[in-house]
Amino acid sequence: MHETVFDKILSGDLPADSVYEDDEVLAFRDINPQAPVHILVIPKAKFARFTEIASRPIEETGRFFSAISKVATSLNLDDSGYRVVINNGRDSGQAVEYFHAHILAGRRFAWPPG
Ligand code: AMP
C-alpha cells in the first residue's frame, strides 16, 4: 500500500490538529473543512477502503465506530447532531486511500447528498 497523507500524520511526519487519540484511533481536523466542524477519524491499523472492513476483527470495527461517537460527544455535537460520512472508491470521491470516517457538524446538511 502506498504511503498517504494520513500515514504521514500518524507517523508525525505531517502536522495535524488532533482532537482525540487512543491506542487504535486518531481523530484530527480536516485541512479543507466542508462544515464548521469537520473531523477525520482513522484507525491506526491501516486499510485502504471500507470494502475491506469485513476482513478486520469485528471488535476492532466496533471500537472504531464507538470512537467516532466518543469524538462527537467530546465536541458537544450530540444535541445539534452531525453527519458521519465514509467515502469508498472512485464514484464516492474518496481521495485518500486510507480508510477514514468524516464527522461533519455545525450546519444543516442537505439530503440527498450531492
Ligand atoms: P476523502 O475524499 O473521503 O478521501 O477525504 C479526504 C479528506 O482528507 C479531504 O476532506 C481532505 O480535505 C482531507 N485532507 C487531505 N490532506 C489532509 C491533511 N494533511 N490534514 C487534514 N486533512 C487532510
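For sorting residues by class here, Ala, Val, Leu, Ile, Met, Phe, Trp, Tyr, Cys and Pro count as nonpolar, Asp, Glu, Lys and Arg as charged, and the others, Gly among them, as polar. With that in hand, let's walk through this predicted model, starting at the ligand.

The ligand has 16 residues around it. Split by class, that shell comes out as 8 nonpolar, 6 polar and 2 charged residues. If you want to find the spot on screen, look for Asp-30, Asn-87, Ala-95, His-100 and His-102, which are the closest of the shell. Two elements, α1 (5-11) and β2 (25-29), each bring at least two residues to the shell. Helix or strand, which element has the largest share? That would be α1, with 3 residues.

Now zoom in on the oxygen atoms of the ligand. On the side-chain side, Asp-30 puts an N or O atom 2.5 Å from a ligand oxygen. His-102 also uses its side chain, with a polar atom 2.8 Å from an oxygen of the ligand. Val-96 joins in through its backbone instead: a polar backbone atom there is 2.9 Å from a ligand oxygen. How much of the ligand does the protein bury? On its own the ligand would expose 510 Å², and the protein buries 83% of that.

Where does the ligand sit? It sits in the largest pocket, so that's the next stop. This pocket holds about 480 Å³ of space. Its lining runs to 23 residues, and those nearest the centre are Phe-6, Asp-30, Ile-31, Leu-40 and Val-96. Two or more lining residues come from each of α1, β2, β3 (37-43) and β5 (101-105). The biggest giver is α1, with 3 residues. By class, the lining divides into 12 nonpolar, 8 polar and 3 charged residues. Two names should ring a bell: Asp-30 and Val-96 lie among the residues nearest the pocket centre, and each also has that polar pairing with a ligand oxygen, Asp-30 from its side chain and Val-96 from its backbone.

Leave the ligand behind and head for the second largest pocket, which has about 290 Å³ of space. Part of its lining is the run Phe-109, Ala-110, Trp-111, Pro-112, Pro-113 and Gly-114, and the others are Gln-34, Arg-83, Val-84, Val-85, Leu-104 and Arg-107. Which strand gives the most here? Strand β4 (residues 83-85) does, with 3 residues. The class count for this lining is 8 nonpolar, 2 polar and 2 charged.

While you're at this pocket, check the backbone at Trp-111 and Pro-112, both of which are in its lining. The peptide bond from Trp-111 to Pro-112 is cis, with omega near 5°. Pro-112 itself belongs to the segment after β5.

Next comes the closed space. How many cavities of 30 Å³ or more does the structure hold? There is 1, and the largest cavity has about 50 Å³ of space. Around it you'll find Pro-43, Phe-47, Ile-53, Arg-56, Glu-60, Thr-61, Phe-64 and Phe-99. Helix α2 (residues 58-74) gives the most to this lining, with 3 residues. Sorted by class, the cavity lining has 5 nonpolar residues, 1 polar and 2 charged.

One last backbone stop lies in the loop between α2 and β4, where you'll find Asn-76. Its phi is near 60°, a positive value in a residue other than glycine.

Terms used: Residues numbered from 1 in each chain as written. Predicted model: local features only at pLDDT ≥ 70, side-chain atom pairs only at ≥ 80, totals over all residues. Heavy atoms only, no water. Near = heavy atom within 4 Å. Polar contact = N/O pair within 3.5 Å; in protein donor to acceptor, adjacent residues only side chain to side chain. Areas by Shrake-Rupley, 256 points an atom, 1.4 Å probe, with all protein chains shown as cover. 1 Å grid on protein atoms, 1.4 Å probe; cavity = no way out; pocket = protein on both sides within 12 Å on 5 of 7 lines; lining within 4 Å. Sits in = over half its atoms within 2 Å of the grid points. Helix = DSSP H or I, 4+ residues; strand = E, 2+ residues; numbered from the N terminus. Points joined across faces, edges and corners; volume = space filled by probe spheres on them.
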